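Trainee: Got a minute to go through a model with me? I'd like to start with the strands and then move to the helices.
Mentor: Go ahead, put it up.

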Amino acid sequence: MQRSALDRIYLAFLIILIVSFGFLIFFISFFTRRSLITEKTNTLTNEANLIATQVLTSYMNGALDAKDLANVFNVYSGTLEADIWYINDQGRLIATSGYFNENLQEASSTSATANKTNVAVIKKLPNTIYSLDPKYDLSQNNYMVSDFFGVYSDKVISVNTPIYLNQYNYQTKSLTKIPCGALIIHTTTDDINSMMASIYSISFIPCLVIIIIAFLLLQIVSIKIIRPIKRLAEVANDYSMGDFDTEIGITSKDEIGQLAESMEYMASELSKLEEYRHEFISNISHDFRSPLTSIKGYVTALQDGTIPPEKQDRYLGIVLDETNRLTKLTQGLLDLNRLEIYGPYLKLTDFDFIDIVRSSLNTFEIKCIDKNVAIYLNNHAEATIVTADKTKIQQVVYNLLDNALKFTPSGNNIYINIVEQGEKLKISIKDEGIGMSEETQKKIWTRFYKDDTSRGKDKAGTGLGLAITKEIIKAHNEIIAVSSTEGQGSEFVFTLQKAAKDATHSGETQILVNPKA
């Protein structure tokens with residue numbers, strides 16, 4: 001079974017919380033236990049010094065014997081809940097709480113019931129400390145938490161406190177410390193264990209509450225983040241199936257909301273792309289079917305003799321024109337596809353843009369005369385030498401002039417304006433034609449797009465000219481734009497990089513084609 005993102009987040013969050021609280025409790029318990037043991041050892045050390053001062057001094061002076069010492073130890077043992085051992089400087093166990101040296105061997109063979117203090121079960125009392133550990137150091141303050149070399153059945157805290165007898169030296173008139181062995185006090189860790197258990201129980205409840213609160217907060221976060229993400233995944237799946245009408249329904253202003261908005265915009269564009277694909281197929285089918293139908297009709301008529309021999313040349317010319325139209329359409333498609341995929345191969349040279357305009361207009365001279373349309377050049381640039389691909393810029397000028405002439409009514413004018421704009425040459429081609437709506441202006445750069453008003457007037461157009469023009473200008477890292485008003489004409493503006501050469505043809509206003517003269 002595949003886990004959802006929410007399940008993985010819950011699991012990861014739970015593991016992080018458990019591990020974090022585990023480490024926290026471990027460190028708290030470790031340092032708390034160590035602090036409690038240190039406090040316990042300090043208390044036992046102080047008690048050992050007190051016992052040494054009050055009791056062992058009397059024993060050393062002979063006021064008490066081993067039996068009396070054991071009985072005194074027994075009193076302190078009940079108060080401290082600890083076993084007290086006195087070991088002389090030779091390492092021999094002299095007395096313990098409840099026992100003295102004459103019955104140590106007897107005590108060593110008794111069971112737990114013989115231990116009056118009930119600190120822990122004593123397995124066997126040693127005769128000397130060195131029988132337990134030959135390297136045991138009686139002269140150092142130290143402690144250990146263990147079974148004290150196997151003497152006890154459970155772990156105990158054993159505190160070693162060295163004992164010194166102060167002896168006054170009358171000759172040197174100073175006190176001399178004489179080592180007299182050590183007191184070893186053993187106490188169980190029951191009170192520490194009980195306190196640690198209380199700490200664990202006290203810590204467990206807050207940790208449990210924190211985990212519950214954290215998961216409640218995580219549930220809130222999942223509502224705010226995880227569920228919208230799941231919704232985005234569901235909608236993305238619908239989009240992948242081609243259903244671009246599905247609404248996401250996320251209106252937040254955070255990153256999730258921005259992503260939802262971007263996905264809806266993407267769906268809208270993909271929907272338009274699908275519409276464009278259908279329109280593309282429809283347009284290309286129409287543009288190929290029309291000339292093929294004409295060619296088939298005329299060839300059939302020539303073949304069956306419907307067209308008399310004296311008119312065959314005229315209709316063969318029509319067939320040739322339609323064939324050329326198909327060739328032009330196919331070449332345009334190949335050129336545009338190559339431009340969009342690989343970009344055009346640019347052969348950059350320095351040339352005079354005015355020469356390009358003049359050579360391009362030679363093609364339109366007869367058409368301008370037939371249509372009674374004048375073309376004016378207004379050059380306000382100090383320099384018209386540009387750096388660009390001369391052949392492709394000539395194609396741009398040709399396409400824009402062809403488009404302007406197509407939509408300019410008889411008797412109106414076309415204007416070519418050239419101005420300098422920093423290191424750029426700004427060229428505009430403006431007509432006095434029928435103009436375009438704002439919606440049409442957004443679509444004219446699309447391949448095969450033709451304004452409905454032109455379809456009946458000029459069937460020779462392929463709908464690829466402006467798309468190719470835009471790709472060429474884009475390849476030069478320049479810009480091209482259009483502005484138009486319905487009924488008042490259109491203006492196409494593009495820029496070219498100026499070359500570092502002397503100005504030519506500057507400040508001129510010329511009529512390049514004027515059929516009205």
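Trainee: In which sense do β10 and β11 pair, and over how many bridges?
Mentor: Strand β10 (residues 413-421) and strand β11 (residues 424-431) pair in the antiparallel sense over 8 bridges. Strands here are DSSP runs of E of at least two residues, helices are runs of H or I of at least four, and both are numbered from the N terminus. Two strands pair if DSSP finds at least two bridges between them. Before we go on, this is a predicted model, so local features need pLDDT of at least 70 and side-chain atom pairs count only at pLDDT 80 or more, while totals for chains, interfaces and linings use all residues. Residues are numbered from 1 along each chain as its sequence is written, and side-chain values use heavy atoms, with hydrogens and water left out.

Trainee: What sits between β10 and β11?
Mentor: They form a hairpin with 2 residues between them, and Gly422 in the turn has a positive phi of about 65°. Glu420 has Leu425 in β11 as its bridge partner.

Trainee: And which strands pair with β11 and β10 besides that?
Mentor: β11 pairs with strand β13 (residues 489-497) in the antiparallel sense over 7 bridges, with Lys424 opposite Gln497 in β13. β10 pairs with β8 in the parallel sense over 6 bridges, and there Leu377 stands opposite Ile416 in β10.

Trainee: Is β8 enclosed or open?
Mentor: Strand β8 (residues 374-379) is largely enclosed by the rest of the structure, because 5 of its 6 residues are buried. Buried means under 20% relative accessible area, exposed over 50%, and partly exposed in between, with a 1.4 Å probe and protein chains only.

Trainee: What about the loop before β8, where Asn372 is?
Mentor: Asn372 lies in the loop between α7 (353-371) and β8. Asn372 has a positive phi of about 60° although it is not a glycine, and it is partly exposed, with a relative accessible area of 29%.

Trainee: Where is Phe148, and is it buried or exposed?
Mentor: Phe148 is in the loop between β4 (142-146) and β5 (156-169). At 0% relative accessibility, Phe148 counts as buried. Its phi is positive too, about 50°, although it is not a glycine.

Trainee: Switching to cores. Which residues have the most contacts inside the largest nonpolar core?
Mentor: Phe353 and Phe494, in a core of 39 residues. A nonpolar core is a set of buried Ala, Val, Leu, Ile, Met, Phe, Trp, Tyr and Cys residues joined through side-chain atoms within 4.5 Å. Leaving aside neighbours within four places in sequence, Phe494 is in contact (heavy atoms within 4.5 Å) with residues including Phe353, Val396, Leu425 and Ile473. A second, separate core of 28 residues includes Leu44, Ala52, Phe73 and Val159.

Trainee: Phe73 is in α2, right? Which residues of α2 are buried?
Mentor: Ala66, Leu69, Ala70, Phe73, Tyr76, Ser77 and Leu80. They cover an arc of only 125° around the axis, taken from the directions from the helix axis to the C-beta atoms, which puts them on the same side of α2. On the other side of α2, Val75, Gly78 and Thr79 are exposed.

Trainee: What comes just after α2?
Mentor: Glu81, with a positive phi of about 55°.

Trainee: And the overall tally, how many helices and strands?
Mentor: The protein has 11 helices and 14 strands, and 39% of its 517 residues are buried.
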